[in-house]
Amino acid sequence: MKIALIGYGKMGKAIDAIATAKGHEIVLRVDVNSQHLLTRELLGQADVAIEFTTPETAYHNVLKCFEANVPVVCGTTGWLDKLPEIKALCEEKHHAFLHATNFSIGVNIFFEVNKKLAALMATQPQYDVSMEEIHHTQKKDAPSGTALTLAEQLLATVTRKTGWVNEESGQPDVLSIISKRIDPAPGTHSVTYTSGIDDISITHTAHSREGFAAGAVTAAEWLKGKAGVFTMKDVLNL
Ligand SMILES: NC(=O)c1ccc[n+]([C@@H]2O[C@H](COP(=O)([O-])OP(=O)(O)OC[C@H]3O[C@@H](n4cnc5c(N)ncnc54)[C@H](OP(=O)(O)O)[C@@H]3O)[C@@H](O)[C@H]2O)c1
């Protein structure tokens, strides 16, 4: 498979190594200094593009992939406000777009555990719930995209929480999401339910970026030849 890599930072390089080891060909590598390479012609040589850049640039990069009619796997987080527009455009023009706040298999299983635990806790008001996420200091968005997915899942079920804040909320109906930035930290997420009697906590700790990168390559292999809007849930059939 021919892959265009848009974004050649920590994730772009990790994806390059895994995709190459699997026998895929990287036909284009674009970073902040080579954005002029994002042409219809050069992008069009790829079977699929993988985009891991910044919250400010992801939207425009995905549009360029659509213009070149190249399926795009996007892992950039922190641009949720523009996602509905991209998804609508993708559906309307029959492009292929797969976005995930986290590509690791472990986190996607963790998402399912989070939903199950939230359903059990929905009728147990004696438990308060809070979240914590830890990432490296260069991370641009807070809370992390993964934390937002976990929070959305939780708020959909545990209705005694009506929203979230990215600090200690001090209010029983507002979910606290604490973001810590420590080096090195590829990503830790915890959801903790606390009562006067006991605590229940679920935690996912990434040991490296390899799981995200391998998941993104698997997603790209899966997306080739498809049209529509997808997530890792579709790839992993969860
Ligand atoms: N979904 C997941 O599983 C997952 C996992 C890890 C990270 N992420 C997300 O993926 C994104 C990238 O993470 P990272 O750790 O790889 O960050 P990073 O190391 O900072 O890399 C970002 C790369 O994008 C480049 N870039 C910036 N603007 C660009 C543009 N307009 N066109 C092309 N490239 C551009 C940067 O170039 P310069 O270095 O020259 O500035 C850099 O190489 C973040 O949003 C992060 O939260 C998602």
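**Helices α1 and α7**

I began with two helices of this predicted model, and found that the axes of α1 (residues 10-21) and α7 come within 9 Å and cross at roughly 60 degrees. Since angles from 35 to 65 degrees lie outside the parallel and perpendicular classes, I noted α1 and α7 as oblique to each other. The crossing in which α1 passes α7 is right-handed. I then looked up who makes the contact: on the α1 side I listed Met11, Ala14, Ile15, Ile18 and Ala19, and on the α7 side Glu210, Phe212, Ala213, Ala214, Ala216 and Val217.

**The sheet**

Next I asked myself in what order the strands of the open sheet stand. I read the order of the six strands as β2-β1-β3-β4-β5-β11, and the pairing is parallel. At the edges I found β2 (25-30) and β11 (228-230), and because each has a single partner strand, one side of each is left without a neighbour in the sheet. On average, neighbouring strands here are turned by 20 degrees against each other, with direction ignored.

I also followed helix α7 to the sheet, where α7, spanning residues 210-223, lies across β3, β4, β5 (96-99) and β11. The helix runs at about 155 degrees to β4.

**Strand pairs, one by one**

I went through three of the pairs in turn. Strand β3 (residues 48-51) is joined to strand β4 (residues 72-74) in the parallel sense over three bridges, and Ile50 has Val73 of β4 standing opposite.

For β4 and β5 I again noted parallel pairing over three bridges, with Val72 having Phe97 in β5 as its bridge partner. Tracing the chain between these two strands, I passed from β4 through helix α4 (residues 83-93) to β5, a β-α-β crossover that is right-handed.

The pair of β5 and β11 is likewise parallel, over three bridges, and in this pair I found Ala96 opposite Gly228 of β11.

I then looked at which way the side chains of β5 point. As a reminder to myself, side chains in a regular strand alternate between the two faces of the sheet. In β5, Ala96 and Leu98 point one way while Phe97 and His99 point the other way, and I noted all of them as buried.

**Cis peptide bonds**

Where do I find cis peptide bonds that lead into a proline, such as Pro143? The bond from Ala142 to Pro143 is cis, with omega near -5 degrees, and Pro143 is found in the loop between β6 (128-135) and α6 (145-157). I recorded another cis bond from Asp183 to Pro184, with omega near -15 degrees; Pro184 lies in the loop between β8 (174-181) and β9 (188-194).

**Positive phi values**

My last look was at backbone angles. His94 has a phi near 60 degrees, which is a positive value in a residue other than glycine, and I placed His94 in the loop between α4 and β5. Is His94 buried or exposed? I entered His94 as exposed, because its relative accessible area is 61% and the cut-off for exposed is over 50%.

Asn237 also has a positive phi, near 55 degrees, and is a residue other than glycine. I located Asn237 in the segment after α8 (232-236), and at 69% relative accessibility I counted Asn237 as exposed.

How values were computed. Residues numbered from 1 in each chain as written. Predicted model: local features only at pLDDT ≥ 70, side-chain atom pairs only at ≥ 80, totals over all residues. Heavy atoms only, no water. Pairing = 2+ DSSP bridges. Helix = DSSP H or I, 4+ residues; strand = E, 2+ residues; numbered from the N terminus. Axes fitted to C-alpha atoms, helices over the stretch in contact; angles between N-to-C directions. Contact = heavy atoms within 4.5 Å. Buried < 20%, exposed > 50% of the residue type's maximum accessible area, 1.4 Å probe, protein only. Right-handed = clockwise from strand over helix to strand, strands pointing away. Parallel < 35°, antiparallel > 145°, perpendicular 65-115°, else oblique. Left-handed = near helix turned anticlockwise from the far one by under 90°.
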